[in-house]
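Reader: I am new to protein structures and would like to learn how to read one feature at a time. Could you take me through an example slowly?

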Amino acid sequence: MKRRMNIDMTNPDDRIEFVEKRSNRRISCSRSANISKGNVSYVASIKNMTIEGAFIKTDAPFSVGQELTLSFYSSIKQKQIAVAGKIVRAYKHGFGLKFIY
């Protein structure tokens with residue numbers, strides 16, 4: 001089901017409108033994470049996730065199309081998880097990451 005909604009991805013004063021295309025439920029969270037691209041790592045936080053991807057908050061400069069590795073600690077599995085992903089949306093303070101399986 002597609003529905004229109006106003007969201008705030010990065011800034012309370014900068015609302016964007018989009019059509020919800022997710023077929024899986026988005027789960028809000030606030031989990032610390034690391035982003036790795038080659039030999040460089042950045043600190044970030046996961047703001048929400050689905051089975052297909054996540055919104056990552058970071059001030060590090062990334063752009064659409066970049067592939068990277070997201071790693072975080074899973075309290076359910078009680079271990080560090082690492083997943084490859086591709087940036088599909090980029091904002092001033094974060095990006096949308098689609099997982100690559």
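Author: We will go through the strands, the aromatic rings, one contact and one pocket in turn. Please keep in mind from the start that this is a predicted model.

Reader: Let me begin with the strands, then; what overall arrangement do they make, and in what order do the strands of the barrel run?

Author: The general idea is to follow the strands from neighbour to neighbour, and here that walk closes into a barrel of six strands, in the order β3-β4-β5-β8-β7-β6, with antiparallel pairing. If direction is ignored, neighbouring strands of this sheet are turned by 45 degrees against each other on average.

Reader: How many bridges hold β6 and β7 together, and which residues can I look for as partners?

Author: Strand β6, which covers residues 67–74, and strand β7, which covers residues 79–91, pair in the antiparallel sense over eight bridges. To find your place along them, look for L68, which stands opposite G85 in β7, and then for T69, whose bridge partner in β7 is A84. These two strands form a hairpin with four residues between them, and in the turn Q78 has a positive phi of about 55 degrees.

Reader: What happens on the other side of β7, where β8 lies?

Author: There β7 is joined by six bridges to strand β8, residues 94–99, and the two run antiparallel. R89 stands opposite G96 in β8, and a hairpin of two residues makes the connection from β7 to β8.

Reader: Which residues mark the pairing of β3 with β6 and of β4 with β5?

Author: Strand β3, residues 27–37, is joined to β6 by three bridges and runs antiparallel to it, and within this pairing N34 has S71 in β6 as its bridge partner. As for β4 and β5, they pair over four bridges, again in the antiparallel sense, and S45 stands opposite K57 in β5.

Reader: Now I would like to turn to the aromatic rings; how should I describe a pair, and how many aromatic pairs are there in the whole structure?

Author: A pair of aromatic rings is described by how far apart the centres are and by the angle between the planes. A search of the whole structure finds four such aromatic pairs. One of them is formed by Y42 and F62, with 5.2 Å from centre to centre and 80 degrees between the planes, and it is edge-to-face. This pair links distant parts of the chain, since Y42 is in strand β4 (residues 40–49) and F62 is in the loop between β5 (53–57) and β6, 20 residues apart.

Reader: Why does Y42 count as partly exposed, while F62 counts as buried?

Author: The relative accessibility of Y42 is 28%, and therefore Y42 counts as partly exposed, whereas F62, at 13%, counts as buried because the limit for that word is under 20%. Another pair is made by F55 and Y91, whose ring centres are 6.0 Å apart and whose planes stand at 55 degrees, so this pair is tilted. Because F55 lies in strand β5 and Y91 in strand β7, the pair ties together parts that are 36 residues apart in sequence. F55 is buried, with a relative accessible area of 5%, and Y91 is partly exposed, with a relative accessible area of 26%.

Reader: Which residues form one aromatic cluster?

Author: That cluster consists of Y42, F62 and F95.

Reader: Is L97 buried or exposed?

Author: L97, which is found in strand β8, has a relative accessibility of 3% and so counts as buried. Its C-alpha atom is separated by 5.3 Å from that of A54, although the two residues are 43 apart along the chain.

Reader: Finally, what is the volume of the second largest pocket, and which residues line it?

Author: The second largest pocket has a volume of about 280 Å³, and its lining is made up of I27, S28, C29, R31, M49, F72, S74, S75, I76, K77 and I81. The elements that give two or more residues to this lining are β3 and β6, and the largest share, four residues, comes from β3. Sorted by class, the lining has six nonpolar, three polar and two charged residues.

Conventions. Residues numbered from 1 in each chain as written. Predicted model: local features only at pLDDT ≥ 70, side-chain atom pairs only at ≥ 80, totals over all residues. Heavy atoms only, no water. Pairing = 2+ DSSP bridges. Phe/Tyr/Trp six-rings, centres within 6.5 Å; stacked < 30°, edge-to-face > 60°. Buried < 20%, exposed > 50% of the residue type's maximum accessible area, 1.4 Å probe, protein only. Axes fitted to C-alpha atoms, helices over the stretch in contact; angles between N-to-C directions. 1 Å grid on protein atoms, 1.4 Å probe; cavity = no way out; pocket = protein on both sides within 12 Å on 5 of 7 lines; lining within 4 Å. Points joined across faces, edges and corners; volume = space filled by probe spheres on them. Nonpolar A, V, L, I, M, F, W, Y, C, P; charged D, E, K, R; others polar.
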